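Got the viewer open? Let's walk through this one stop at a time, with something to select at each.

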Amino acid sequence: MFLGYTAATTAAALIGPTIGSWAESFVDTPQAGWYDKPMRWAQIGFAEDDPGNYDPQFWLDYFKRLHVEAVTLNAGGAVAFYPTQVPFHYRSKWLGNMDTFGDLQKSCRALGMVVVARTDAHACHQDVYDAHPDWIMVDANGNKVRHPSDKDFWLTCALGPYNFEFMTAVQEEVMTKYMVDGIFTNRWAGSGMCYCEHCQKNFRDVSSMDLPRTRNPQDPARRQYIVWRQQRLFELWRLWNSRIQHINPNASYIANAGGGALSELDMKTVGELAPTLFADRQGRSGLMPPWANGKNGKEYRATMGRKAIVGIFSMGLEDKYRWKDSVQSDDEIRLWVADGIAHDLRPWFTKFDCKVIDSRWMPVVEDLYKWHAANSTYLRNERSLARVGLVYSQQTATYYGGDDARAKVEDPSLGFYQALVEARIPFEMVHDQLLDPDHIRQFRTLILPNIAALSTAQCKQLEDFVEGGGSLVATYETSLYNEWGVRQQNFGLASLFGVNYAGKVEGPMLNSYLSLNKDPSSGQYHALLKDFDNAVRIINGANQVAVTPFGEGLYPLQVVDTYPDLPMEEVFPRKDAPRGQPGAIVRQAGKGRVVYLPGDIDRTFWETLNFDQARLLRNAVLWATDEPAPLSVVGKGVLDVSVWTQKNSMTAHLVNLTNPMMMKGPIREIIPITAQQVKLQIPAGRRVKQVQLLVAGTKIHYTNEEGVLHLEVPSIALHEVVAVDFA
Ligand SMILES: [Zn+2]
């Protein structure tokens, strides 16, 4: 729908090879270049007054003790820490004749480390404003935008000559002078929508429209803008990468980019462009469980495949007040990092300012890194053995969710995520643009948590998946919209769900329930209702799609028509009320199984954490999957689990999230849990040599019953890794 991109200044930059597709990255041959080598990263960010005022040897000693294998150091952009010749490239006032960046990168390379230069593209000084007023970001009212935090700076336009010309010159100069291994640019994608003269003209040239003044994704100009902005940023990415590689073929441009459904740049393209990627999620704030860090790893991996993904964490507080110069509690840092490691994020600590004010974090990170280095072989994962995939969809968030994407799209996904963690089901995340057989073959079950916007082609891929023996669990408005977020006459997946859309979506509903139906043939509850033995009914979601069932299917849950929730005297179900629609449809389709829940059970669960809904979501996945799990862990507590193979071993990670501060950090202390019974399926053709616990540091007794290991992990403080060595 978007044709004729011909912006004259930059068309050449569109041409350029991509670095390797996701599917290729699953090939068992080593990736070219340095990208897969470093396991532990460090970033110390020079503050403007660091030149001459910090102790480089202090940091070099720390890096050595921690077995750091790669560093990222501030080079330039907003503030240059080397003697730049690029006009208007602002030098630190403390730099004098020094080369602070150059000296430290040299010392790091002498220690054998990979060195990535960091540049920052989002802010410039008054002299730039005076000479190139058109480089500055302009808001919707036509005003140039000052930096909200530091009034000496102006915000820059990401899509015009500031990035395409000035920052290109900076990247080229850094690479020419230092031949570093890569350049990582922070805040390179703009600080919000820009209405500068370049953005106006470039957008009009390709769309014949003015820049949108609305955020409604169904507005034609807004929709076009969303596509155009991404094209422009990917063009910039390719431009910087090609200029860098022209100077140093062994280096790359690495954008600070990526994420889940709410992230703005298409992750499929990001996965094709990036040789490695850094998940910049420095800690938790607000309502956020610790598994959010593992989720970052899963979201990136969905399009990065086997390429190395690094998780940036900060010892500073990740809060809206940005106390980046203070430190988090020891155990909060440990928890966040452990959950990332369990989901294959390689750790990267970031420290703002090289003069240490509060050093309490340093021994904590040192311990983590030393353990990581000692167990590196078992952390160099080749693949996840998870059989369940939780789909995420940027197009659903962008075009269906719009400004409500967090509530309508992310919350259902978070609800399902929480339910899977509670159920201790190992799972990965799956990008909705990668539903081809190569990318989903490893999964038995795909979960679609209100993946509302799906194209005909995507629905066909899901039908083929089920036809071939895959299973689906879907909720609420899944497939009721096309890929542009436009409501359709019926579900794209109606034939799998066994229901038609009955023309309305109800909600928010108060006091809505699902009654439990016994199977008429057996007189028993269906497996979907496992552990509901004494229940007669459970709560419904707060919203539901009206549906008309057809064809073969079972309906273990039925909606009870709503009745008043007040006054108290009127809170009773009406006997003469008609029986409502099915609250769940479970069916066999092809060789696979399908569970469709018309209610927004997953979203409501994220809001309420209701125990029945946790069971219902768990049961739906277990029934659909219908096979022994690759990893099962029985015991008390909340554990985030994952299961991996490496070259000559396999591991099961068990991260203990049990804590009164689980849903809102920071935790005060780690609270150990009692013994866990672990069952682990050994991949076919592998023979077990020994089993160890990598945190306890002990070998452990186990039994092997026809390829299934049984063992007991006596206690877990924060994190345990069961490592199985193959003969
Ligand atoms: Zn602009």
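First, a term: buried means under 20% relative accessible area, exposed means over 50%, and partly exposed is in between, with a 1.4 Å probe and protein chains only. One more before selecting anything: helices (H or I, at least four residues) and strands (E, at least two) are DSSP runs, numbered from the N terminus.

This is a predicted model, where local features need pLDDT of at least 70 and side-chain atom pairs count only at pLDDT 80 or more, while totals for chains, interfaces and linings use all residues. Residues are numbered from 1 along each chain as its sequence is written, and side-chain values use heavy atoms, with hydrogens and water left out.

**Stop 1: helix 2**

Select residues 100-110, which make up helix 2, and colour Thr100, Phe101, Gly102, Leu104, Gln105 and Cys108: these are buried. What do the buried residues of helix 2 pack against? Add strand 1 (41-45), helix 1 (56-65), strand 2 (70-76), strand 3 (114-120) and helix 4 to see the partners; contact here means heavy atoms within 4.5 Å. Just after helix 2, click on Gly112, where phi is positive at about 85 degrees.

Now go back to the loop between strand 2 and helix 2 and pick Pro83. Pro83 has 22% relative accessibility, so it counts as partly exposed. Leaving out residues up to four places away in sequence, Pro83 touches Arg91, Leu95, Met98, Asp99, Lys177 and Tyr178. For a distance label, try Pro83 to His147: the two are 64 residues apart along the chain, and their C-alpha atoms are separated by 25 Å.

**Stop 2: the nonpolar cores**

A nonpolar core is a set of buried Ala, Val, Leu, Ile, Met, Phe, Trp, Tyr and Cys residues joined through side-chain atoms within 4.5 Å. The largest one has 191 residues, and Phe63, Trp188, Trp237 and Phe349 are those with the most contacts inside it. Helix 6 gives the most to this core, with nine residues.

Centre on Phe63 and show what surrounds it. Setting aside neighbours within four places in sequence, Phe63 is in contact with Ala42, Ile44, Val68, Val71, Cys108, Met113 and Phe349. Apart from the largest core lies another, of 23 residues, with Val633, Ala652, Val688 and Leu709 among them.

**Stop 3: helix 12**

Is helix 12 largely enclosed or open? Select residues 394-401: seven of the eight are buried, so the rest of the structure largely encloses this helix. The buried ones are Gln394, Gln395, Thr396, Ala397, Tyr399, Tyr400 and Gly401. To see the cover, show helix 6 (220-247), helix 7 (267-273), strand 12 (388-392), helix 13 (405-423), strand 13 (427-431) and helix 15 (456-467), which are included in it. Just past the end of helix 12, Gly402 has a positive phi of about 55 degrees.

**Stop 4: backbone oddities**

Most residues other than glycine have a negative phi, and most peptide bonds are trans. With that in mind, find Met179 in the loop between helix 4 (161-178) and strand 6 (182-186). Phi of Met179 is positive, near 45 degrees, and the residue is partly exposed at 35% relative accessibility. Then jump to Leu609, in the loop between helix 17 (601-608) and helix 18 (611-625). Leu609 has a positive phi near 55 degrees and is partly exposed, with a relative accessible area of 35%.

Next, the cis peptides. Gly507 and Pro508 are joined by a cis peptide bond with omega about -5 degrees; Pro508 sits in the loop between strand 16 (499-506) and strand 17 (513-516). The bond from Gly665 to Pro666 is cis too, with omega near -5 degrees, and Pro666 belongs to the loop between strand 25 (649-656) and strand 26 (676-681).

**Last stop: zoom out**

Select the whole protein chain and switch to cartoon: there are 18 helices and 31 strands. The C-alpha trace spans about 85 × 65 × 50 Å along its principal axes. Of the 727 residues, 59% count as buried. Among contacts with a separation of 6 or more, residues 24 or more positions apart account for 77%.
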